[in-house]
Structures are given as C-alpha cells and as structure tokens.
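The exercises below ask you to work through a single model, reading the answers from the sequence and the coordinates. Each task is followed by a solution that goes step by step.

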Amino acid sequence: MSQIESVTFYNGNKVPVVGLGTWKSKGESAVEVIKDAIRLGYHHIDTSPVYGNEKEIGEAITALIKEGVVKREDLFVTSKLWNTRHRPDLVESALKKTLSDLNLEYLDLYLIHWPFAFKEEDVPFPEGPDGKVLFSDVDYVDTWKAMEKIHEKGLAKNIGVSNFNSKQLQRILDNCNIKPVTNQVECHPYLPQVELSEFCKSKGILITAYSPLGSSDRPWAQPGDPSLLEDPKVKGIAEKYNKSPAQVVLRYQVQRGHIVIPKSASKVRLLENTTIFDFQLSEEDIKLLHTFDRKWRVCPMNGSVEHKDYPFHEKF
C-alpha cells in the first residue's frame, strides 16, 4: 500500500498530492478500478458528472466504507459543476445530484469545470440545428457566488475552478468572498503551464494537473500526435533515475508544488503512479522538462472556441 503525501490549501485543509483521475472510467470496470485504487492507498478521487461514472464511484466508495477498508473522513472526493448548470439557481441542485449519485453527504472539493456556460438543458452538450454547441451567457463570477453559498452550507468543504486562465482567475479574486483553493488545468511537459503556475502560486492557489501523462487513450487522438511517455528525452531522464517515464513526469508535477491526478485501470500502473516519493529530480531536469513545451493540448474544447469565456485565447 502506497503512502501518498499531502499538501495544504491556503485555508489549512489538506489534500493528497496524488489523486486518481476517472475520466473515461465507465460501468463495472470503474467500480473495480476505484476499489483497487483505494486499497492501494489512493484517498483522492477526481470525477465529474460529464464523465458518466459518479454512481459507480459512489458504489465503490460505499462498499469499501462498509467493509472497513477506509473511512469517509480519510477520503478526498472531488467533482465538478458542468457547463449547463452555471446559472446560480442551478448550482446547488447540480451538486446535490452529484452527492446523491456518489452516496455522499458532502464533497471535499467542488470545481467549476470550465469558465464558459452552455444552454441550460439536460444533455451535456446541447446542440443547435447546425450541430454547434448552444452557449449561455451566464457570468462565471455569478456562478462563483453560488459556489460560495454551497461551501457556506457545508456541502463542499473546498471550492475551486478548472480550466481558467489568469485573467479569469483574477476576475474571480476581484469579486469573491472565498477565493478558489485550486485551478485544475491540463499540465504536462508538452504544456508545462509555467506562467499560469507562477501566477496561481502568487495568489496562494494550487494547480491540480490533469492529463499529466499526455492522455494517449483520448478518443480523438490522431496518428502522428506526440506521445509524451515515448519521448526519447523523457525516457533518457527516466533511465537516469531508474524510474519509468510516467514516474518522472508525475514527480515533475509534485516537485513544482502541483497536485496531480493521473488515470489508470491497471493495478501495476496504479501503484507505479504513486511510487514517486523516493526520488528527487534535479533543478536542471525540471528546467529541461519545461523546455519540452509544444503548447500542445490534449483537451482544447474546440467546440467552444467562439464562446466569450473560452480560456485558451489568452497566453496563460
């Protein structure tokens, strides 16, 4: 069983620095992966209603709590507010639906999944006759104020954002009573997010890195796309430390003060992804990994490029 270290949010609450990402985990296999992960020492689970697996995650957590494998207070469960539920009057009911599916009384962390809002419909990606996603013009600052209310009610112990750029974060900071504890963003050596990381650090906000291994199993992968874990330069660093490429790029995140949420369905890989606390990358190797930057995104959300709040037009 792995011993995963924790980091502390600005509010004093702790979070395991390595969590389990669950995007694309579905059905009965999702239940088994969650059970395997918790038994191996993962106590931080990251999901979202748009992943379509919250009931399965709830089933796994409930079973392991009943078995005495883990206590609720030992777990750190994160979910997210989807884009169709940004309107302030919909935020609490969206969270309560997530809590019902997860069979939990509270979340440890609730995030605004994206800064842009979609039309308030019951499908994740409402479309017009032209096949384009229908947008809503709800201001994410108003959404944030509703997030503060659910935090005050104790439904989420921490609140944060995901996929926000520095200008959008600054707008939240200029208009909030409770500042976000984290900004969950895509981050890996091909998209190291150095400037955004420094900005967040200066505000006391932690980065949570998703797709830290490059998400080679993404459904829209194209032949010829770069493969982070097959990169000869990453392999070279891994050989130097007698570690796997995955362990090197995860250690890279942790040493930068980031939380990291890799995804795997394999017990061997699940354990490997947590065995990153017994070595230290040199400052030179961290700087070298920064130079691999290709501005390459696994998750560009191209269907929302025309939204007024699309975050990736900005430099960081």
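A crossover is called right-handed if, with the strands pointing away from the viewer, the path from the first strand over the helix to the second runs clockwise. The model used throughout is a predicted one.

**Exercise 1. Strand 11 and its partners**

Task: determine which elements make a β-α-β unit with strand 11 and what its handedness is, then establish how strand 11 pairs with strand 10 and with strand 12, and whether its faces are covered or open.

Solution. Step 1: the unit consists of strand 10, helix 6 (residues 194–202) and strand 11, and its crossover is right-handed.

Step 2: strand 10, which spans residues 182–186, runs parallel to strand 11 and is joined to it by 5 bridges; one of the bridge pairs sets Thr-182 against Leu-206 in strand 11.

Step 3: strand 12 (residues 259–260) also pairs with strand 11 in the parallel sense, here over 2 bridges, and Ala-209 has Val-260 in strand 12 as its bridge partner.

Step 4: for the burial of strand 11, residues 206–210, the count is 5 buried residues of 5. Leu-206, Thr-208 and Tyr-210 lie on one side and Ile-207 and Ala-209 on the other, and since these are all buried, both faces of the strand are covered.

**Exercise 2. A histidine after strand 10**

Task: locate His-188 relative to strand 10 and helix 6, decide whether it is buried or exposed, and describe what its side chain meets.

Solution. Step 1: His-188 sits in the loop between strand 10 and helix 6, that is, between two of the elements that make up the β-α-β unit of the previous exercise.

Step 2: the relative accessibility of His-188 is 0%, so the residue counts as buried.

Step 3: its side chain makes a polar contact of 2.7 Å with the side chain of Glu-186. When residues up to four places away in sequence are not counted, His-188 touches Ser-211, Pro-212, Leu-228, Tyr-252, Gln-253, Trp-296 and Val-298.

**Exercise 3. Two annotated positions**

Task: find where Tyr-51 and His-113 lie, state what UniProt records for Tyr-51 and for His-113, and examine their surroundings.

Solution. Step 1: an unreviewed UniProt entry lists Tyr-51 under "active site", and the annotation "binding site", likewise from an unreviewed entry, covers His-113.

Step 2: Tyr-51 is found in the loop between strand 4 (44–46) and helix 2 (54–67), whereas His-113 lies in the loop between strand 6 (109–112) and strand 7 (117–118).

Step 3: buried means under 20% relative accessible area; Tyr-51, at 10%, therefore counts as buried, and His-113, at 6%, therefore counts as buried too.

Step 4: leaving aside neighbours within four places in sequence, the contacts of Tyr-51 include Lys-80 and His-113, and those of His-113 include Tyr-51, Lys-80, Trp-82 and Asn-163. The two annotated residues are thus in contact with one another.

Step 5: His-113 also contacts Ser-48, and the side chains of these two residues make a polar contact of 3.0 Å.

**Exercise 4. Salt bridges within and between helices**

Task: from the 20 salt bridges in the structure, characterise the pairs Glu-67 with Arg-39, Asp-101 with Lys-97 and Arg-87 with Asp-89, and comment on the exposure of their residues.

Solution. Step 1: the closest N and O atoms of Glu-67 and Arg-39 are 3.0 Å apart. This pair links distant parts of the chain, with Glu-67 in helix 2 and Arg-39 in helix 1 (residues 27–39), 28 residues apart. Arg-39 counts as partly exposed because its relative accessibility is 39%.

Step 2: Asp-101 and Lys-97 meet at 2.7 Å, N to O, and both belong to helix 3 (residues 88–102), where 4 residues, about one turn of the helix, separate them. Asp-101 is buried at 15% relative accessibility, while Lys-97 is partly exposed at 48%.

Step 3: Arg-87 and Asp-89 form a salt bridge of 2.7 Å, N to O. Arg-87 is partly exposed, with a relative accessible area of 34%, and Asp-89 is exposed at 53%.

Step 4: apart from these pairs, a network of salt bridges links Glu-92, Lys-96 and Lys-153.

Technical notes: Residues numbered from 1 in each chain as written. Predicted model: local features only at pLDDT ≥ 70, side-chain atom pairs only at ≥ 80, totals over all residues. Heavy atoms only, no water. UniProt positions renumbered as here; feature names shortened; annotations may be inferred. Buried < 20%, exposed > 50% of the residue type's maximum accessible area, 1.4 Å probe, protein only. Contact = heavy atoms within 4.5 Å. Polar contact = N/O pair within 3.5 Å; in protein donor to acceptor, adjacent residues only side chain to side chain. Pairing = 2+ DSSP bridges. Salt bridge = Lys/Arg side-chain N within 4 Å of Asp/Glu carboxyl O.
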